[in-house]
Amino acid sequence: MNHALPPGSTIGILGGGQLGRMMAMAAAEMGYHVHIYCPEKDCPAAEVAHKTTVAAYDDAAAMAAFAKSVDVVTYEFENIPAAPVEKIAAIVPVRPSPSVLSTSQHRTLEKTAIQKLGIKTAPFAPVKNVDDLKIAVQKIGLPAVLKTATMGYDGKGQWKILSAEELPAIPAGDYVLEGFINFRMEISVIVARDVAGNIACYCPVENIHKNHILDQTIAPARIFPQLAEKAENIAKKIAEGFGLVGLLAIEMFVTDDDEILVNETAPRPHNSGHWTMDACITSQFTQVIRAVCGLPLGNPERLCDARMLNLIGDDAADWQKHAATPNAKLHLYGKKEARAGRKMGHVTFLEIAPRK
Ligand code: AMP
C-alpha cells in the first residue's frame with residue numbers, strides 16, 4: 001500500500017476515445033484527476049476529464065510537459081508510437097510498461113513472446129515482401145491470413161489467402177502470415193496484475209463479430225469449466241510472463257477439439273470487458289485504475305450473467321428502446337457523428353432472475 005497514489009493524484013491517459021472516457025469516470029469515482037493526451041479535439045474522454053492536452057504523440061515538448069504534470073501514465077489504445085512513450089517513462093511511471101506496449105503492438109513479437117511461454121498461437125511466419133509471402137505460404141499452408149504486423153484493428157490490414165496463385169500484391173512492409181484457424185468460438189480473458197504481482201482474472205467471455213467488429217459479448221462464455229480454467233491460466237501466465245502492471249485483454253480461439261490458441265493481446269481495457277461495469281464487483285475500468293495507481297486489485301467476481309451489445313453507427317438511434325428495456329444498462333459515448341463502423345455506445349443486458 002505504500003506505493004499507492006493518494007486520491008487527488010493525477011493519472012495521465014494517452015488516447016481520448018471511449019475507453020479513456022470510461023477510465024476517467026472510474027478514476028473520478030476514486031478521487032483521482034485525469035489528464036487526457038490526445039491528437040484530436042473534442043474527444044469522448046475530454047468531456048469527463050480534469051484536463052486535456054491536444055497534441056500529436058510525436059510532439060516531444062508536449063509529451064514531456066504532459067509527463068511532468070501527472071503522477072502516472074497509462075494508455076487506452078495500443079497503437080501509440082512506442083518511442084515517445086519510452087521517452088516519458090524516464091520522467092514518470094508508465095503502466096503497463098513500454099515493453100508490454102511494444103510487444104502487444106507488433107504481431108510477430110507478440111506471438112513469439114507468447115509461444116516462449118509455452119502457449120499456443122496460430123502457426124505464423126513473418127513477411128516483408130511478396131517473395132517472403134510465397135515462402136511463408138509454403139511453410140504455413142493454405143488457407144491463411146496475412147496481417148500487417150502493426151496498427152491492425154477490427155480486421156483492418158488483413159487479407160484471407162485461399163490460393164497460392166492469388167497472392168495480394170503487397171508493398172514491402174512488416175506483415176505476418178498466419179494459418180487460418182477453423183475456430184468454433186472466439187473468447188477473451190481480461191487479466192489484471194498489480195504492482196506487487198497479484199493477479200485477478202475476469203471469467204472468459206464469448207465474442208461474436210459482425211463485419212469484423214465486435215457485435216456482442218456473452219458473459220460467461222458457453223464453455224465447460226475445465227476449458228474456462230485453462231483460458232484463465234493462459235491469461236495469468238501471459239500477465240506474469242510479460243511483467244504486466246495494469247490490465248491485459250487476451251483474445252483466443254477455441255477449436256473443435258477444445259484447443260485454445262491465443263490470437264492477440266491488448267494492454268488496456270477492452271470492448272469485451274464492458275459488461276463488467278454492470279455485472280461485476282469491480283469493473284475493468286476501476287481495475288485498471290487500481291492497478292496503475294498501485295492499489296490492491298478489486299474483486300473481479302461476476303454478480304450475474306450478462307450480454308453486451310455494441311451500438312455501432314446508426315444502432316445508436318435505438319437508444320430510447322434500450323433505455324426502456326428492463327435490466328438493460330445503456331452507455332453512450334457522447335460522439336456527435338454516427339459514422340458507419342463507429343462505436344457509439346453499448347448496452348449491457350443483465351440476466352437477473354426475478355425475485356420471489
Ligand atoms: P485480429 O485483428 O487478429 O483480432 O483479427 C480480427 C478477426 O479476424 C478475429 O477476431 C477473427 O475473427 C479473424 N481472424 C484473425 N486471425 C485469424 C486466423 N488466424 N484464423 C481465422 N480467423 C482469424
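The legends below accompany close-up views of a predicted model.

**Figure 1. Residues surrounding the ligand in the predicted model.**
The ligand is surrounded by 15 residues, and K147, Q158, I181, E186 and E264 are the closest of them. By class, this shell comprises 5 nonpolar, 4 polar and 6 charged residues. Four strands each supply at least two residues of the shell: β6 (144-148), β8 (175-179), β13 (246-254) and β14 (260-266). Domain 2 (123-179) and domain 3 (183-351) each contribute at least three residues to the shell.

**Figure 2. Polar atoms of the ligand and their partners in Q158, E178 and I181.**
An N or O atom in the side chain of Q158 is placed 2.8 Å from an oxygen atom of the ligand. The side chain of E178 has an N or O atom 3.0 Å from a nitrogen atom of the ligand. In I181 the partner is a backbone N or O atom, which lies 2.8 Å from a nitrogen atom of the ligand. The ligand taken alone exposes 480 Å², of which the protein buries 91%.

**Figure 3. Helix α5 and its buried residues.**
Helix α5 spans residues 107-116, and its buried residues are R107, T108, E110, K111 and I114. These buried residues fall within an arc of 165° when the helix is seen down its axis, so they line one face of α5. An α-helix has 3.6 residues a turn, so residues three or four places apart point the same way. After α5 comes G118, which has a positive phi near 80°.

**Figure 4. The mostly covered helix α9.**
Of the 9 residues in helix α9 (residues 284-292), 8 are buried. The buried residues are Q284, F285, T286, Q287, V288, I289, A291 and V292. α9 is followed by G294, for which phi is positive, near 80°.

**Figure 5. A24 and M25 in helix α1.**
Helix α1 covers residues 18-29 and includes M25; A24 is also found in α1. A24 has a relative accessibility of 1% and therefore counts as buried. M25, with a relative accessible area of 39%, is partly exposed. The C-alpha atom of A24 is separated by 17 Å from that of H346, and these two residues are 322 residues apart along the chain. For M25 and D256, which are 231 residues apart along the chain, the separation of the C-alpha atoms is 40 Å.

**Figure 6. The side chain of H35 and its polar contact with T53.**
H35 belongs to strand β2, which runs over residues 33-38. Its relative accessible area is 4%, so H35 is buried. The side chains of H35 and T53 make a polar contact of 2.7 Å.

**Figure 7. Cis peptide bonds preceding P96 and P220.**
The peptide bond joining R95 and P96 is cis, with an omega of about -10°. P96 is located in the loop between α3 (82-88) and α4 (98-104). A cis peptide bond also runs from A219 to P220, where omega is near 0°. The loop that holds P220 lies between β12 (213-219) and α7 (225-242).

**Figure 8. Positive phi values at D258 and N327, neither of them a glycine.**
The phi of D258 is positive, near 60°. D258 is found in the loop between β13 and β14, two strands that each supply at least two residues of the shell around the ligand. With a relative accessible area of 28%, D258 is partly exposed. N327 has a positive phi of about 60°. The loop containing N327 lies between α10 (319-323) and β16 (328-332). N327 has a relative accessible area of 40% and is partly exposed.

Notes
Residues numbered from 1 in each chain as written. Predicted model: local features only at pLDDT ≥ 70, side-chain atom pairs only at ≥ 80, totals over all residues. Heavy atoms only, no water. Near = heavy atom within 4 Å. Polar contact = N/O pair within 3.5 Å; in protein donor to acceptor, adjacent residues only side chain to side chain. Areas by Shrake-Rupley, 256 points an atom, 1.4 Å probe, with all protein chains shown as cover. Nonpolar A, V, L, I, M, F, W, Y, C, P; charged D, E, K, R; others polar. Domains from an automatic or database assignment. Buried < 20%, exposed > 50% of the residue type's maximum accessible area, 1.4 Å probe, protein only. Arc of directions from axis to C-beta.
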